[in-house]
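Biologist: I would like to go through this structure with you and ask how each description is justified.

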Amino acid sequence: MSTALTESGTAATTARIEAHGITVRFGGLVALNEVDLLVPAQSIVGLIGPNGAGKSTLFAVLSGLLRPTAGTVLMDGENVSRSSPQERARRGLARTFQHPELFSAMTVRDHVVLAYRVRHAKSRIWSDLVTGRGFRRPPAQETARVDELIDALHLGDIQHRPVAGLSLGKSRMVEVARALAVDPKVLLLDEPSSGLDVKETEELAATLVRVVADHGVSLLLVEHDVELVLGMCDLVHVLDFGVKISEGKPAAIRADPAVRAAYLGEEIERADVQEQIAKIEQGEPA
Ligand SMILES: Nc1ncnc2c1ncn2[C@@H]1O[C@H](COP(=O)(O)OP(=O)(O)OP(=O)(O)O)[C@@H](O)[C@H]1O
Ligand SMILES: [Mg+2]
(Lines give C-alpha, C1' and ligand atoms only; values in the text may rest on other atoms or scores of the structure.)
(Ligands and ions follow the chains in the order given, each with its own letter.)
Protein backbone atom coordinates (compact mmCIF):
# COMPACT_ATOMS: atom_id res chain seq x y z
CA MET A 1 0.00 0.00 0.00
CA SER A 2 1.34 3.42 -0.90
CA THR A 3 1.77 6.18 1.62
CA ALA A 4 1.96 9.95 1.44
CA LEU A 5 3.21 12.65 3.75
CA THR A 6 0.60 14.75 5.51
CA GLU A 7 1.10 18.46 6.12
CA SER A 8 2.55 17.67 9.52
CA GLY A 9 5.12 15.45 7.83
CA THR A 10 3.86 12.13 9.20
CA ALA A 11 3.19 9.18 6.93
CA ALA A 12 -0.47 8.58 6.18
CA THR A 13 -2.14 5.92 4.09
CA THR A 14 -3.18 7.19 0.67
CA ALA A 15 -6.91 7.06 0.04
CA ARG A 16 -8.21 4.86 -2.77
CA ILE A 17 -10.18 7.79 -4.11
CA GLU A 18 -10.42 11.34 -2.83
CA ALA A 19 -12.15 14.52 -3.88
CA HIS A 20 -10.92 17.97 -2.91
CA GLY A 21 -12.83 21.22 -3.17
CA ILE A 22 -15.40 19.89 -5.62
CA THR A 23 -17.74 22.60 -6.86
CA VAL A 24 -20.38 21.94 -9.51
CA ARG A 25 -22.59 24.66 -10.93
CA PHE A 26 -25.51 24.02 -13.23
CA GLY A 27 -26.18 27.52 -14.54
CA GLY A 28 -27.06 29.52 -11.43
CA LEU A 29 -27.54 26.47 -9.23
CA VAL A 30 -24.66 25.37 -7.01
CA ALA A 31 -25.13 21.59 -6.83
CA LEU A 32 -21.88 21.08 -4.88
CA ASN A 33 -19.91 23.69 -2.99
CA GLU A 34 -16.26 22.89 -2.19
CA VAL A 35 -16.92 19.35 -1.06
CA ASP A 36 -14.11 17.07 0.16
CA LEU A 37 -14.48 13.31 0.43
CA LEU A 38 -12.01 10.55 1.08
CA VAL A 39 -12.40 6.79 0.73
CA PRO A 40 -9.57 5.04 2.62
CA ALA A 41 -8.32 1.57 1.63
CA GLN A 42 -10.51 -1.34 2.75
CA SER A 43 -13.24 0.83 4.15
CA ILE A 44 -16.95 1.34 3.62
CA VAL A 45 -17.89 4.98 3.23
CA GLY A 46 -21.48 6.19 3.02
CA LEU A 47 -22.81 9.31 1.35
CA ILE A 48 -26.25 10.43 2.52
CA GLY A 49 -28.36 13.56 2.35
CA PRO A 50 -31.90 14.69 1.58
CA ASN A 51 -33.27 14.82 -1.98
CA GLY A 52 -31.33 17.17 -4.22
CA ALA A 53 -28.39 17.36 -1.78
CA GLY A 54 -25.86 16.63 -4.52
CA LYS A 55 -25.10 12.94 -3.91
CA SER A 56 -25.54 11.75 -7.49
CA THR A 57 -23.62 14.76 -8.74
CA LEU A 58 -20.63 13.91 -6.54
CA PHE A 59 -20.87 10.29 -7.67
CA ALA A 60 -20.75 11.40 -11.31
CA VAL A 61 -17.70 13.58 -10.59
CA LEU A 62 -15.85 10.69 -8.90
CA SER A 63 -16.61 8.22 -11.69
CA GLY A 64 -15.54 10.70 -14.36
CA LEU A 65 -18.93 11.18 -16.03
CA LEU A 66 -19.14 14.82 -14.99
CA ARG A 67 -16.33 17.40 -15.07
CA PRO A 68 -16.65 19.64 -11.99
CA THR A 69 -16.57 23.44 -12.18
CA ALA A 70 -13.67 23.32 -9.71
CA GLY A 71 -11.84 20.75 -7.61
CA THR A 72 -9.58 17.73 -7.91
CA VAL A 73 -10.12 13.96 -7.88
CA LEU A 74 -7.25 11.66 -6.90
CA MET A 75 -6.97 7.88 -7.11
CA ASP A 76 -4.21 6.35 -5.00
CA GLY A 77 -2.77 9.84 -4.70
CA GLU A 78 -2.63 10.49 -8.45
CA ASN A 79 -4.61 13.27 -10.06
CA VAL A 80 -7.29 11.76 -12.30
CA SER A 81 -9.39 14.92 -12.66
CA ARG A 82 -8.94 14.88 -16.43
CA SER A 83 -9.19 11.10 -16.87
CA SER A 84 -12.14 9.50 -18.65
CA PRO A 85 -14.41 6.97 -16.89
CA GLN A 86 -12.59 4.23 -18.85
CA GLU A 87 -9.18 5.38 -17.61
CA ARG A 88 -10.49 5.47 -14.03
CA ALA A 89 -11.83 1.95 -14.53
CA ARG A 90 -8.37 0.82 -15.64
CA ARG A 91 -7.01 2.29 -12.44
CA GLY A 92 -9.38 0.16 -10.40
CA LEU A 93 -12.66 2.04 -10.15
CA ALA A 94 -15.88 0.08 -10.67
CA ARG A 95 -19.47 1.13 -10.24
CA THR A 96 -22.98 -0.24 -10.22
CA PHE A 97 -26.03 1.60 -11.45
CA GLN A 98 -29.27 2.37 -9.66
CA HIS A 99 -31.12 0.26 -12.22
CA PRO A 100 -29.15 -2.91 -12.92
CA GLU A 101 -28.02 -2.97 -16.54
CA LEU A 102 -27.76 -6.63 -17.39
CA PHE A 103 -28.09 -8.65 -20.62
CA SER A 104 -31.42 -10.42 -20.20
CA ALA A 105 -30.65 -13.56 -22.21
CA MET A 106 -27.22 -14.16 -20.67
CA THR A 107 -26.91 -16.40 -17.63
CA VAL A 108 -25.86 -15.16 -14.21
CA ARG A 109 -22.56 -17.02 -14.48
CA ASP A 110 -21.76 -15.72 -17.97
CA HIS A 111 -22.14 -12.14 -16.72
CA VAL A 112 -19.42 -12.80 -14.18
CA VAL A 113 -17.25 -14.74 -16.67
CA LEU A 114 -17.47 -11.96 -19.24
CA ALA A 115 -16.51 -9.28 -16.71
CA TYR A 116 -13.59 -11.43 -15.53
CA ARG A 117 -12.35 -11.80 -19.13
CA VAL A 118 -12.67 -8.10 -19.83
CA ARG A 119 -10.10 -7.58 -17.09
CA HIS A 120 -7.97 -10.71 -17.29
CA ALA A 121 -8.27 -12.21 -20.76
CA LYS A 122 -9.52 -9.64 -23.23
CA SER A 123 -8.12 -11.44 -26.28
CA ARG A 124 -10.06 -14.52 -25.32
CA ILE A 125 -13.39 -12.77 -25.70
CA TRP A 126 -12.55 -11.96 -29.31
CA SER A 127 -11.10 -15.36 -30.17
CA ASP A 128 -14.19 -17.06 -28.72
CA LEU A 129 -16.42 -14.83 -30.80
CA VAL A 130 -14.40 -15.04 -34.02
CA THR A 131 -13.87 -18.81 -33.94
CA GLY A 132 -17.52 -19.28 -33.05
CA ARG A 133 -16.64 -21.89 -30.51
CA GLY A 134 -18.54 -20.15 -27.78
CA PHE A 135 -16.99 -20.10 -24.35
CA ARG A 136 -14.21 -22.70 -24.61
CA ARG A 137 -13.00 -24.62 -21.60
CA PRO A 138 -11.97 -21.93 -19.14
CA PRO A 139 -8.61 -21.94 -17.32
CA ALA A 140 -8.73 -23.23 -13.74
CA GLN A 141 -7.87 -19.83 -12.31
CA GLU A 142 -10.88 -18.25 -13.99
CA THR A 143 -13.23 -21.01 -12.86
CA ALA A 144 -11.99 -20.68 -9.28
CA ARG A 145 -12.44 -16.91 -9.19
CA VAL A 146 -15.89 -17.02 -10.81
CA ASP A 147 -16.98 -19.79 -8.39
CA GLU A 148 -15.73 -17.70 -5.49
CA LEU A 149 -17.73 -14.65 -6.56
CA ILE A 150 -20.89 -16.64 -7.32
CA ASP A 151 -20.58 -18.16 -3.88
CA ALA A 152 -19.87 -14.86 -2.09
CA LEU A 153 -22.97 -13.25 -3.60
CA HIS A 154 -25.21 -16.30 -2.95
CA LEU A 155 -25.86 -16.90 -6.64
CA GLY A 156 -24.99 -20.62 -6.77
CA ASP A 157 -28.56 -21.90 -7.18
CA ILE A 158 -29.36 -19.61 -10.08
CA GLN A 159 -25.97 -19.33 -11.79
CA HIS A 160 -27.11 -21.09 -14.99
CA ARG A 161 -30.36 -19.16 -15.31
CA PRO A 162 -30.72 -16.20 -17.67
CA VAL A 163 -30.95 -12.96 -15.71
CA ALA A 164 -34.34 -12.13 -17.25
CA GLY A 165 -36.95 -12.75 -14.61
CA LEU A 166 -34.60 -12.53 -11.62
CA SER A 167 -35.82 -10.50 -8.65
CA LEU A 168 -34.37 -7.02 -8.27
CA GLY A 169 -32.46 -8.23 -5.21
CA LYS A 170 -30.77 -11.03 -7.16
CA SER A 171 -30.12 -8.74 -10.14
CA ARG A 172 -28.28 -6.41 -7.80
CA MET A 173 -26.17 -9.28 -6.49
CA VAL A 174 -25.29 -10.17 -10.12
CA GLU A 175 -24.29 -6.54 -10.70
CA VAL A 176 -22.05 -6.56 -7.64
CA ALA A 177 -20.48 -9.92 -8.62
CA ARG A 178 -19.81 -8.58 -12.10
CA ALA A 179 -18.29 -5.38 -10.70
CA LEU A 180 -16.02 -7.39 -8.39
CA ALA A 181 -14.91 -9.70 -11.22
CA VAL A 182 -12.75 -6.90 -12.62
CA ASP A 183 -10.87 -6.82 -9.27
CA PRO A 184 -11.58 -3.16 -8.50
CA LYS A 185 -9.80 -1.26 -5.76
CA VAL A 186 -12.85 0.85 -5.12
CA LEU A 187 -16.47 0.15 -5.93
CA LEU A 188 -19.06 2.93 -6.14
CA LEU A 189 -22.58 1.71 -5.41
CA ASP A 190 -25.50 3.84 -6.48
CA GLU A 191 -28.54 3.27 -4.24
CA PRO A 192 -27.86 -0.47 -3.88
CA SER A 193 -30.91 -1.02 -1.65
CA SER A 194 -33.45 0.72 -3.86
CA GLY A 195 -36.36 -1.58 -4.63
CA LEU A 196 -35.21 -4.27 -2.19
CA ASP A 197 -37.31 -5.53 0.72
CA VAL A 198 -36.02 -5.53 4.29
CA LYS A 199 -34.66 -9.07 4.14
CA GLU A 200 -32.91 -8.52 0.80
CA THR A 201 -31.43 -5.27 2.12
CA GLU A 202 -30.04 -7.03 5.20
CA GLU A 203 -28.58 -9.79 3.02
CA LEU A 204 -27.00 -7.24 0.70
CA ALA A 205 -25.46 -5.31 3.61
CA ALA A 206 -24.00 -8.46 5.19
CA THR A 207 -22.65 -9.56 1.81
CA LEU A 208 -21.01 -6.21 1.11
CA VAL A 209 -19.37 -6.09 4.54
CA ARG A 210 -17.95 -9.58 3.96
CA VAL A 211 -16.77 -8.72 0.47
CA VAL A 212 -14.79 -5.77 1.85
CA ALA A 213 -13.20 -7.97 4.50
CA ASP A 214 -12.40 -10.82 2.08
CA HIS A 215 -11.42 -8.95 -1.08
CA GLY A 216 -9.76 -5.83 0.29
CA VAL A 217 -11.92 -3.57 -1.85
CA SER A 218 -13.20 -0.16 -0.68
CA LEU A 219 -16.84 0.80 -1.06
CA LEU A 220 -18.53 4.14 -1.44
CA LEU A 221 -22.27 3.93 -1.28
CA VAL A 222 -24.84 6.56 -2.05
CA GLU A 223 -28.03 5.65 -0.26
CA HIS A 224 -31.48 6.83 0.67
CA ASP A 225 -31.69 4.19 3.39
CA VAL A 226 -29.99 6.05 6.24
CA GLU A 227 -30.24 3.13 8.67
CA LEU A 228 -28.48 0.84 6.20
CA VAL A 229 -25.64 3.34 5.86
CA LEU A 230 -25.29 3.95 9.60
CA GLY A 231 -25.37 0.20 10.20
CA MET A 232 -22.63 -0.85 7.79
CA CYS A 233 -20.31 2.10 7.10
CA ASP A 234 -17.02 2.96 8.80
CA LEU A 235 -17.38 6.61 7.85
CA VAL A 236 -20.35 8.67 6.72
CA HIS A 237 -20.54 11.99 4.85
CA VAL A 238 -23.71 14.06 4.88
CA LEU A 239 -24.58 16.54 2.15
CA ASP A 240 -27.34 19.13 2.28
CA PHE A 241 -27.92 21.69 -0.49
CA GLY A 242 -24.51 20.88 -1.97
CA VAL A 243 -22.62 21.49 1.27
CA LYS A 244 -20.97 18.89 3.47
CA ILE A 245 -22.76 19.39 6.78
CA SER A 246 -21.30 16.46 8.69
CA GLU A 247 -18.66 13.75 8.45
CA GLY A 248 -17.70 11.04 10.90
CA LYS A 249 -18.42 7.64 12.38
CA PRO A 250 -22.06 6.48 12.39
CA ALA A 251 -22.57 7.17 16.12
CA ALA A 252 -21.42 10.78 15.72
CA ILE A 253 -23.61 11.25 12.63
CA ARG A 254 -26.63 9.87 14.48
CA ALA A 255 -26.08 12.36 17.31
CA ASP A 256 -25.34 15.39 15.11
CA PRO A 257 -28.08 18.04 15.43
CA ALA A 258 -27.21 19.44 11.97
CA VAL A 259 -27.97 16.05 10.39
CA ARG A 260 -31.23 15.71 12.28
CA ALA A 261 -32.23 19.20 11.20
CA ALA A 262 -31.45 18.42 7.55
CA TYR A 263 -33.61 15.30 7.59
CA LEU A 264 -36.33 16.77 9.78
CA GLY A 265 -36.55 19.72 7.40
CA GLU A 266 -37.15 17.25 4.61
CA GLU A 267 -39.72 15.20 6.52
CA ILE A 268 -41.76 18.21 7.50
CA GLU A 269 -42.23 18.90 3.80
CA ARG A 270 -43.90 15.50 3.42
CA ALA A 271 -47.65 15.83 3.01
CA ASP A 272 -48.52 13.09 5.52
CA VAL A 273 -46.34 14.66 8.20
CA GLN A 274 -47.80 18.09 7.51
CA GLU A 275 -51.26 16.62 7.91
CA GLN A 276 -50.30 15.22 11.32
CA ILE A 277 -48.83 18.54 12.38
CA ALA A 278 -52.00 20.37 11.26
CA LYS A 279 -54.12 17.97 13.32
CA ILE A 280 -51.96 18.47 16.39
CA GLU A 281 -52.18 22.23 15.94
CA GLN A 282 -55.95 22.00 15.72
CA GLY A 283 -56.03 20.04 18.98
CA GLU A 284 -57.07 16.73 17.32
CA PRO A 285 -55.36 13.51 18.38
CA ALA A 286 -52.70 12.57 15.79
N1 LIG B 1 -27.79 17.94 -15.17
C2 LIG B 1 -28.32 18.82 -14.30
N3 LIG B 1 -28.70 20.05 -14.71
C4 LIG B 1 -29.22 20.94 -13.86
N5 LIG B 1 -29.40 20.72 -12.55
C6 LIG B 1 -29.03 19.52 -12.08
C7 LIG B 1 -28.50 18.49 -12.92
N8 LIG B 1 -28.24 17.40 -12.17
C9 LIG B 1 -28.60 17.71 -10.92
N10 LIG B 1 -29.09 18.97 -10.85
C11 LIG B 1 -29.53 19.66 -9.63
O12 LIG B 1 -28.45 19.63 -8.72
C13 LIG B 1 -28.93 19.41 -7.40
C14 LIG B 1 -28.30 18.16 -6.83
O15 LIG B 1 -28.83 17.04 -7.53
P16 LIG B 1 -28.41 15.55 -7.26
O17 LIG B 1 -29.12 14.69 -8.26
O18 LIG B 1 -26.93 15.43 -7.20
O19 LIG B 1 -29.01 15.30 -5.79
P20 LIG B 1 -29.17 13.93 -4.98
O21 LIG B 1 -28.60 14.18 -3.63
O22 LIG B 1 -28.61 12.81 -5.76
O23 LIG B 1 -30.75 13.81 -4.84
P24 LIG B 1 -31.70 12.51 -4.78
O25 LIG B 1 -31.63 12.04 -3.37
O26 LIG B 1 -33.05 13.06 -5.09
O27 LIG B 1 -31.20 11.50 -5.76
C28 LIG B 1 -30.45 19.36 -7.49
O29 LIG B 1 -30.96 20.63 -7.20
C30 LIG B 1 -30.68 18.97 -8.93
O31 LIG B 1 -31.93 19.46 -9.37
MG1 LIG C 1 -29.47 11.09 -6.59
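**Helices, sheets and core**

Modeller: The crossing of helices α3 and α5 is right-handed. The model is a predicted one.

Biologist: What makes α3 and α5 oblique to each other?

Modeller: Their axes cross at roughly 130° and come within 10 Å. Angles over 145 degrees count as roughly antiparallel and 65 to 115 as roughly perpendicular, with the rest outside the roughly parallel range being oblique. The value fits none of the named ranges, so α3 and α5 are oblique.

Biologist: Which residues make that contact?

Modeller: On the α3 side they are Arg109, Val112, Val113 and Tyr116. On the α5 side they are Glu142, Arg145, Val146, Leu149 and Ile150.

Biologist: Why is α3 called roughly parallel to α6?

Modeller: Helix α3 (residues 108–120) packs against α6 at an angle of about 20°, and the axes are 7 Å apart. Angles under 35 degrees count as roughly parallel, so α3 and α6 earn that description. The crossing of α3 and α6 is right-handed. From α3, the contact uses Val108, His111, Val112, Ala115, Tyr116 and Arg119. From α6, it uses Val174, Ala177, Arg178 and Ala181.

Biologist: What makes β4 and β7 the edges of their sheet?

Modeller: The sheet is open, with 4 strands in the order β4-β3-β6-β7 and antiparallel pairing. Strands β4 (29–39) and β7 (78–79) each have a single partner strand, so one side of each has no neighbour in the sheet.

Biologist: How do you know that β6 and β7 pair?

Modeller: Pairing requires at least two bridges between the strands. Strand β6 (residues 70–75) is joined to β7 by 2 bridges, so the requirement is met, and the two run antiparallel. Met75 has Glu78 of β7 as its bridge partner. Helix α1 (residues 55–63) packs on this sheet and touches β3 (17–26), β4 and β6. The direction of α1 makes about 120° with that of β3.

Biologist: Which strands stand at the edges of the sheet of 6 strands, and why?

Modeller: That sheet is open too, in the order β8-β9-β10-β5-β11-β12, with mixed pairing. Its edges are β8 (93–95) and β12 (243–248), because each has a single partner strand and one side left without a neighbour in the sheet. From one strand to the next, the twist averages 15°.

Biologist: How do you know that β8 and β9 pair?

Modeller: There are 3 bridges between β8 and strand β9 (residues 186–190), against a requirement of at least two, so they count as paired. These two strands run parallel. Ala94 stands opposite Leu187 in β9.

Biologist: Which residues have the most contacts inside the largest nonpolar core?

Modeller: They are Leu58, Val112, Ala177 and Leu219, in a core of 66 residues. Helix α6 (residues 168–181) gives the most to this core, with 7 residues.

Biologist: Which residues is Leu219 in contact with, leaving aside neighbours within four places in sequence?

Modeller: Leu219 is in contact with Ile44, Val45, Leu187, Leu189, Leu208 and Val212. Contact here calls for C-beta atoms within 7 Å.

Biologist: How many helices and strands are there in the protein?

Modeller: The protein has 11 helices and 12 strands. Of its 286 residues, 34% are buried. Among contacts with a separation of 6 or more, 67% are between residues 24 or more positions apart.

Note on methods:
Residues numbered from 1 in each chain as written. Chains lettered and ligands numbered in written order. Predicted model: local features only at pLDDT ≥ 70, side-chain atom pairs only at ≥ 80, totals over all residues. Contact = placed C-beta atoms within 7 Å. Axes fitted to C-alpha atoms, helices over the stretch in contact; angles between N-to-C directions. Core = buried A, V, L, I, M, F, W, Y, C linked by C-beta atoms within 7 Å. Buried ≥ 20, exposed ≤ 12 C-beta atoms within 10 Å, placed from the backbone. Left-handed = near helix turned anticlockwise from the far one by under 90°.
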